[in-house]
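Subject: Structure handover

Hello,

Here is the structure I said I would pass on. Please look it over before reading my notes below.

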Amino acid sequence: MKEHSCQYAAEPCTRKVPIFAALTDEDLTRISAMIKHRKFTKGQPLILEGAPSDTLYIIQQGHVKLSKITPEGKEQILHILTNGDFFGELSIFNSDELSNFSAYALKDTNICLLTRSDMEQLMTENPDISLRLLSSVTKRLAHTENLAQSLATKDPEIRIAYMIMELSEKYGKPRGGRVHIDLPLSREELASYVGVTRETISRKFSRFEDSGLIKLIGNKQMVVMDPAGVEKYMGL
């Protein structure tokens, strides 16, 4: 697969990623020369669960889902990532780390790749990057713990309400008190994310529509008609 240096991209990843935010323009240019740029098509795996990894993946443009296969053989989506997000950070801290998830492009996606050796050099020269990486790992762990608790204890409708608000925050465009979302996941993937069947999520979406909380436009668009109502539904 063809790769080229990120420094030749129209918008280098380094200017979009929070862990590099405190660096100077000179440092960012130097890091961009280290990064490789790769394109993945919709549905293509970036890495598979159990595979060795020594790379930090940075999403320059596109959407990526991180998922695991449950003991029952079903997909459980862990995270939905978009522009400026990154993953694979655990392999930077542990050279023996195997990927504990699979990553797939949800649409044609541009990825920037930074190897462990380059990251070790960067963290030695810029300790602040290590702290930002650690902060990111902590937030992602908290998200995973909240997801596990949600799947175990919350009513499916409440889990779906949480998902709607997460999609609103990440992918929504506010317009006149409503939020328009281009859904990054299929109906089946949305069901996987909240741990229900496709039939269940379709039925619950219909109930949300009847309540005036959302409006579905085909399978790929949603309008959150009453964001405050969804939050109230969540108990916020």
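The notes below start with the whole chain and then turn to one sheet.

Please keep in mind that this is a predicted model. The protein has 236 residues, and 47% of them are buried. Its secondary structure consists of eight helices and 13 strands. The exposed surface comes to about 12,100 Å², with carbon and sulfur atoms supplying 51% of that area. Among contacts in the protein with a separation of 6 or more, 70% are between residues 24 or more positions apart.

Now the sheet. Four strands make it up, in the order β10-β11-β13-β12, and the sheet is open. Their pairing is antiparallel. At the edges are β10, residues 172–175, and β12, residues 214–217, and each of these pairs on one side only. On average, and ignoring direction, neighbouring strands of the sheet are turned by 20 degrees against each other.

As general background, strands of a sheet pair through backbone hydrogen bonds, in either a parallel or an antiparallel arrangement.

Which strand pairs with β12, and over how many bridges? The partner is β13, residues 221–224, and the two are joined in the antiparallel sense over four bridges. One residue pair to look at there is L216 with its bridge partner M222, which lies in β13.

A helix also packs on this sheet: α7, residues 198–210, touches both β12 and β13. The direction of α7 makes about 120 degrees with that of β12.

Regards

Conventions: Residues are numbered from 1 along each chain as its sequence is written. This is a predicted model: local features need pLDDT of at least 70, side-chain atom pairs count only at pLDDT 80 or more; totals for chains, interfaces and linings use all residues. Side-chain values use heavy atoms; hydrogens and water are left out. Two strands pair if DSSP finds at least two bridges between them. Axes are lines fitted to C-alpha atoms, for helices over the stretch in contact, and angles run from 0 to 180 degrees between N-to-C directions. Contact means heavy atoms within 4.5 Å. Buried means under 20% relative accessible area, exposed over 50%, partly exposed in between (1.4 Å probe, protein chains only). Accessible areas come from the Shrake-Rupley method with a 1.4 Å probe; for residues, only the protein chains shown count as cover.
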